[in-house]
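Hi,

Here is the structure I promised to pass on. Have a look at it first, and then read my notes underneath.

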Amino acid sequence: MEPTSTPKTLADLAEEALDAASAVEIETRQEVVTASQHGERLDKALVALAPEFSRSHLQTLVVDGHVRVDGHAQRLPSRRLKAGQSLAVDLVPTAESLAFRPEPMTLTILYEDDDILVLDKPAGLVVHPAPGNWSGTLLNGLLAHHATAATLPRAGIVHRLDKDTSGVMVVGKSLPAVTALVRDIAARQVHRSYLAVAHGELQTPELVIEAPIGRDPASRVKMAVVAGGKAARTDVERLAVLQGFSALRCTLHTGRTHQIRVHLASRGHPLVSDPTYGGKPAMGMQRQALHATRLSFEHPLTRFALDFICPPPGDFVAAWRQLAPDMPPTCP
C-alpha cells in the first residue's frame, strides 16, 4: 500500500519554522499586564502585543514554550493573567514566512539558458510550498539555484506537477520569459503529454474526455467533474491493455488541478496507486502511476521550437513493462 503520513499539527509546523529560523534573529516582545487586562486570556493579550501574527500562531508559540509570564514558560493559551505580571513572547516566524527561502538541492536539468530551465521532477518532490510542505520544495531549490528566482513570481514556476507525478517541467528564469510562458500556456501553445497506468481495460483506442473540473463538494482536498467547473479536455490513447489494466498516453489541452487523475477516474479508470481517486496499489507502484514525458513549446524569447522527452523513472518503467513488455515507455 502507498505509505501514509500523520497530518502535521500547528505545533509541528511551528517546530519546523523554528528549525528553519536558526539563522534568523528572533524578536522578543515584552509588556506588563495592565489593570484593564486583569483576568484576560493569555492568547488574547498576545494578540494585542503582537497583532501582526494570527491568534492560532500565537497559541502555538504558547504551547511550544515561547511565552513566559513572570519569567516562567506557559503552555496553556487560556491561562488568565493578573495585573502587574510581566509577559514576554519570542516571536518565532510562522512556517509560511520561512517558506520562500533558498535550499540547495540536486536538480536534474534537461536544458538551461538565461531565460528558461527545463527539468525532470522526481516523484515525491512538492513543487510549491503549502501547508505541511513549507520547505524542501522545488521553489526552495530554484531560489538556491539562481539569484534571479527571488525576483520572480513563484520563483519562475509557471505550471505544476503533483507531488507524486514525475516528469518534465519548464520554469522561467527572467520576468519576460515568465510572462511569455504564462501567456503561451493560457493560449494552449504549450503541449504536454503524459504516460499513465490505469485500472480497467479501455475499450476504445482513443478517448476524448471533455468535462468541467472543480472542487469536489464532498471533499475540499479533492477535485471532481462538476457542473459549473472550469472547462477541461484530456485526449487519451490506449497503448496496451492486459488483465484489467491499461497503458495510456494522455495529452492535456487544459491544465486543471489533478486533471488527468480526475478525468480518468470519472470514466472508471483511476490511476494505479492513486487512492485519492479510487486507485489501488498494483505492479509495484507506491505512488500514482503518472509521468509527464513530453513537453513542447516555443522558446518564450527566441520563439524557436523546443521539444523535450523525459524517460520515466524505474518504478514506472517496471509497471509499464508488465503491460507492454515490447513497447518502450516513450511518447513519440
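Start with what sits over helix 7: the cover on its buried residues includes strand 8 (191-199), strand 12 (233-242), strand 13 (245-252) and strand 14 (290-298). Before you read too much into any of this, bear in mind that the model is predicted.

So which residues of helix 7 are buried? They are Phe316, Val317, Ala319, Trp320 and Leu323. Looking down the axis of helix 7, you would find these buried residues within an arc of 165°, so they line one face of the helix. Gly314 and Arg321, on the other side of helix 7, are exposed.

Two of those buried residues deserve a second look. Phe316 and Trp320 are both part of helix 7 (residues 314-323) and sit 4 residues apart, about one turn of the helix. As a reminder, an α-helix has 3.6 residues a turn, so residues three or four places apart point the same way. The ring centres of Phe316 and Trp320 are 5.9 Å apart and the ring planes meet at 25°; planes under 30 degrees apart count as stacked, so this pair is stacked. Phe316 has a relative accessibility of 0%, and because anything under 20% counts as buried, Phe316 is buried. Trp320 also comes out as buried, with a relative accessible area of 0%.

How many aromatic pairs does the structure hold? There are 3. Away from helix 7, there is also a cluster to look at: ring pairs link Tyr111, Phe297 and Phe308.

Now for the chain as a whole. The protein chain has 7 helices and 15 strands, and its C-alpha atoms fill a box of roughly 80 × 45 × 40 Å along the principal axes. Of the 332 residues in the protein chain, 48% are buried. If you take the contacts between residues at least 6 apart in sequence, 64% of them join residues at least 24 apart.

On the surface side, the protein chain exposes about 16100 Å², and 53% of that comes from carbon and sulfur atoms. As for charges, the protein chain has 34 positive and 35 negative ones, and the mean positions of the two sets are 6 Å apart.

If you only have a minute with the viewer, go to helix 7 and find the stacked pair of Phe316 and Trp320, then turn to the exposed Gly314 and Arg321 on the other side.

Cheers

Key
Residues numbered from 1 in each chain as written. Predicted model: local features only at pLDDT ≥ 70, side-chain atom pairs only at ≥ 80, totals over all residues. Heavy atoms only, no water. Phe/Tyr/Trp six-rings, centres within 6.5 Å; stacked < 30°, edge-to-face > 60°. Helix = DSSP H or I, 4+ residues; strand = E, 2+ residues; numbered from the N terminus. Buried < 20%, exposed > 50% of the residue type's maximum accessible area, 1.4 Å probe, protein only. Arc of directions from axis to C-beta. Contact = heavy atoms within 4.5 Å. Areas by Shrake-Rupley, 256 points an atom, 1.4 Å probe, with all protein chains shown as cover. Lys, Arg positive; Asp, Glu negative; His and termini not counted. Charge placed at Lys NZ, Arg CZ, Asp CG, Glu CD.
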